[in-house]
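Biologist: I have not seen this structure before. Please show it, and then take my questions in turn.

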Amino acid sequence: MSNSGEPGVEEAELIRRAQAGDPAAFDLLVERYTPHLYRVVRRLASDQNEAEAIVQEAWLRAWRAIHRYVADRPLSPWLVRIAVNVARDLWRKKAPLDFADLGGEEIVLPDHAPGPEDQLTRKEALERLVSGVKKLRPEYRMVIALRYDAGLSYNDIASALEIPLNTVRTHLRRAKSVLRLWMEAEDG
Amino acid sequence: MADWLDELLEAMPTEPYPPDLAVQVQIRLAKTRRWSKWVQNGVRLVMVMTGALGLWLLMPRVEMLVTAISPISLARIEEWLSAMVRSPSQALLGLSGIAITWVSQLAAGLEAELVLALGLLATPALYGVISLLSSGISQEEAII
């Protein structure tokens, strides 16, 4: 599976067959891409059930739209974009965003904060980072998920979220800045 | 420039992937495919029946329609083309007069059954056109 590059020959053939209406070919794409898609979606979703629901709905929409997919483009960003739209629709239906806004919290930094990895084991640092990402504002969490879990380029993120490239850069910079503060505050 | 945070973000763990998720998706897709095929076949059947009913109602009135159209002959078209070359505005004025006469003749001969027949024939035709157009929507619009 190629996540961000052009589809391989075998994969391109699967996509072509799926576009021609071959369910078996599409089912093979489901098998190949679901783990990757789940990883990205799980970062966005509030729990495992929500993530599974988003992934399922994203595949249904992908099936309905596969004949319009431009086959020489990578499939992964296209799928991620559909999943992001499904997630947004789901959140719109729910009560206003039930995510804590880490960006709005006041984080007290220690005076001489040593590098977090000096004191923490890597595992603990990763656990803290994951909890920090969960508390990010949704738009920040999305760019983090698309950049680091999906491995998308800035352009693909901009396309997936339908926001300008500069906004992607800004979101990513702010998200990392908040996470850096979070890690250092946790450390102190 | 990548730093410790980038490195950690790239290594961020995620919850284990539910092993049966892909199978669940495939089962749901199979259900959706069966359902949409059933609906599609149902709509097609209704359209065929609508078209057939429209034709059945139209058949006895074909003669009237042909009579209404008969004034349009090759000689008249030739005559109109010559008029168009001589004086385009006069030719267009003449054409609109002919069209109005033809439509009013047709309208006078319209019965409720004929209107119904044309409506019934137009429905499957419209459905066909919409189906064709919807398959031409761009990929960007497909992202629902």
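Biologist: What percentage of the residues of chain B count as buried?

Modeller: This is a predicted model, in which local features need pLDDT of at least 70, side-chain atom pairs count only at pLDDT 80 or more, and totals for chains, interfaces and linings use all residues. Residues are numbered from 1 along each chain as its sequence is written, with chains lettered from A and ligands numbered from 1 in the order in which they are written. A residue is buried if 20 or more other C-beta atoms, placed from the backbone, lie within 10 Å of its own, exposed if 12 or fewer, and partly exposed in between. Of the 144 residues of chain B, the buried part is 4%.

Biologist: How many helices does chain B have?

Modeller: Helices (H or I, at least four residues) and strands (E, at least two) are DSSP runs, numbered from the N terminus. Along the sequence the pattern of chain B is α-α-α-α-α-α-α. Strands number zero, and helices number seven.

Biologist: How many buried residues are there in H4(B)?

Modeller: Helix H4 of chain B covers residues 74–86, and the expected span is 18 Å for its 13 residues at 1.5 Å a residue (times one less than the number of residues). Its end C-alpha atoms are 19 Å apart, which agrees. H4(B) is hardly covered, and its count of buried residues is zero.

Biologist: Is Met64(B) buried or partly exposed, and why?

Modeller: Met64(B) belongs to helix H3 (residues 62–69) of chain B. In space Met64(B) is 8.5 Å from Leu106(B), C-alpha to C-alpha, although 42 residues separate them in sequence. Because 15 other C-beta atoms lie within 10 Å of Met64(B), this residue is partly exposed.

Biologist: Which element gives the largest share of the side of chain A that touches chain B?

Modeller: Two residues are in contact if their C-beta atoms lie within 7 Å. The contact takes 37 residues from chain A and 27 residues from chain B. Elements giving two or more residues to the chain A side include helix H3 (48–65), helix H7 (138–149) and helix H2 (23–44) of chain A. The largest share, ten residues, comes from H2(A).

Biologist: How many residues of H7(A) are buried?

Modeller: Among the buried residues of H7(A) are Tyr140(A), Met142(A), Ile144(A) and Leu146(A), and also Arg141(A) and Asp149(A). After the helix comes Gly151(A), with a positive phi near 70°. H7(A) is mostly covered, and of its twelve residues the buried ones number nine.

Biologist: Where does the largest nonpolar core lie, and why?

Modeller: A nonpolar core is a set of buried Ala, Val, Leu, Ile, Met, Phe, Trp, Tyr and Cys residues joined through C-beta atoms within 7 Å. The largest has 55 residues, and those with the most contacts inside it are Val41(A), Val55(A) and Ala83(A). Both domains of chain A, with bounds from an automatic or database domain assignment, give residues to this core, so it lies between domain 1 (9–93) and domain 2 (102–187).

Biologist: Which element of chain A has the lowest confidence?

Modeller: pLDDT is the predictor's confidence in each residue, from 0 to 100, and chain A averages 81. Over residues 96–112 of chain A the pLDDT is below 50. Where pLDDT is low, the predicted coordinates should not be read in detail. The highest mean, 93, belongs to H3(A), and the lowest, 52, to helix H5 (residues 116–119) of chain A.
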